[in-house]
Amino acid sequence: MTTWSGRRFSKMTTGTCVLGVAGGIAAAKASLLASMLVKSGFDVHVVMTRAACEFVAPLTFRTLTANPVSVDMFAEPGQWNVKHVSLAQAADLLVVAPATANFLGKVASGIADDLLTTTIMATRAPVVIAPAMNTRMYTNRIVQRNIEVLSASGYRFIGPESGRLACGDVGPGRMAEPERILEYTLHIHEGARRPSFEGRRVVVTAGPTREHLDPVRFLTNRSSGKMGYAIAGAAAARGAKVILVSGPVSLNVPEGCEVINVETACQMRDAVVSAASGADLVVAAAAVADYMPTNFSESKIKKSSGFGSLELERTPDIIAELGRAKGGRILVGFAAETDDLIANALRKLALKNLDMIVANKVGGADSPFGADRNTVTILRPERAPEALPPMSKLVLAHEILDRVSDI
Ligand code: PMT
């Protein structure tokens, strides 16, 4: 899995984020999340429950966010007069991490008896909730019912993950990792101002393929999967049902996506053709190998046998196959080119019968492979090319989906 470098999302967004911290051992991890939200460009205001203060000192969050931390409903009014209302109104989004069984029960039942629950009740901003608790508490029917009630009311959940918990139990209940919460939060924040994908069924391809020569060698390319994963995460956050067909990458599966892992172009073709039968949008961001070895050697090929005569054949062109039997589906492709970017991309747009192609130039400082940012030109039939400024792949994913909504 990729680890937080601070670079991936840094300073790409602005807004006010209220981070609610309820009382659980995962409150310690919330300090990391607070720091990531700040690095991503948010003005972060932390609201803690009394119980949370038993686990982490408010000073930790005050230091990380450079803002006062609110705990008490009835503290002296400061910057945030009538605190729960002013915080709720100032927030562009709220994140509650960790959310305890007690917090979920209160909000689901309409109880607002502390600063955190009153702020949640008073806001119109999107709310992302990251539960964390003991497995037996999490699987308790009452907690599950409360999560269902809150989900149906528009609250967005991330996690919990399964694993070994602080109490020693093993099972679901561990708070999602801060980087995953951040990524999901950013998608929710970006998506909130854009057209919904509720009810749409989306297939996204991502990453490279591997075309095997023998048990130890394969042909591949430098795709990291970041672009495709960002599109899948964006579509899921905006309400779509997403199937992500992924080549081998080291990324977390975006929240809300079903992933089908494949290795070769042929496997990717089979998975995409099957998933696309029920889809209304297919976005092909994968860098599928164009050639595969004609023969696979069961034993490791010896140097002496001569790699010089490697025989290759074309892989199936997945998106072109879908283009030949298009039906009502929208097809979006990518073109990665070192030369004649626009001319080559336009040729692929027509050849593969696509509705849109995202052209990105390979080489130089802006090379898209493995990068966190991308600079692209969007090409659509009978429309002028639209060159977008450089931006993070996460924001670009939303820009691409906006243009899909416009088809
Ligand atoms: O993964 P990252 O590190 O984030 O990098 C992102 C990216 C550079 C891989 C991505 O932005 C991108 O450009 N993906 C497409 C790269 C590519 O293989 O382009 P192409 O020009 O070879 O293919 C054109 C289109 O046909 C693509 O949509 C591709 O997915 C599709 N294709 C290609 C070959 C094939 N056999 N089947 C296909 O479906």
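**View 1. The ligand and its shell.** In this predicted model, 29 residues surround the ligand, with S223, S224, K348, N360 and G370 the closest; to be counted, a residue needs a heavy atom within 4 Å of the molecule. Split by type, that shell is 15 nonpolar, seven polar and seven charged residues (Ala, Val, Leu, Ile, Met, Phe, Trp, Tyr, Cys and Pro are nonpolar, Asp, Glu, Lys and Arg charged, and the others, Gly among them, polar). α10 (226-237), α12 (318-324) and β16 (330-337) each chip in at least two shell residues, and β16 gives the most, with five. Helices (H or I, at least four residues) and strands (E, at least two) are DSSP runs numbered from the N terminus.

Two notes for every view: residues are numbered from 1 along each chain as its sequence is written. Local features need pLDDT of at least 70 and side-chain atom pairs 80 or more, while totals for chains, interfaces and linings use all residues, and side-chain values use heavy atoms, with hydrogens and water left out.

**View 2. Polar contacts to the ligand.** Here a polar contact with the ligand is a pair of N or O atoms within 3.5 Å. A polar side-chain atom of N360 sits 2.6 Å from a ligand oxygen, and K393 likewise brings a polar side-chain atom to 2.7 Å from an oxygen of the ligand. From the backbone, a polar atom of A285 lies 3.0 Å from a ligand nitrogen. Taken alone, the ligand exposes 770 Å², and the protein buries 96% of that (Shrake-Rupley areas, 1.4 Å probe).

**View 3. The largest pocket.** The ligand takes up the space of the largest pocket. A pocket is an open set of points on a 1 Å grid over the protein atoms alone, where a 1.4 Å probe fits and protein lies on both sides within 12 Å along at least five of seven lines; lining residues have an atom within 4 Å of a point. A molecule sits in a pocket if more than half of its atoms lie within 2 Å of the grid points. The largest pocket holds about 920 Å³ of space, the volume filled by probe spheres set on the points. A286, A287, V288, F334 and A336 are the closest to its centre among 44 lining residues. β16 supplies the largest share of the lining, four residues.

**View 4. Backbone oddities.** A cis peptide bond joins A97 and P98, with omega about 0°, and P98 is in strand β3 (residues 93-99). Another cis bond links G159 to P160, at about 5°.

Terms used. Polar contact = N/O pair within 3.5 Å; in protein donor to acceptor, adjacent residues only side chain to side chain.
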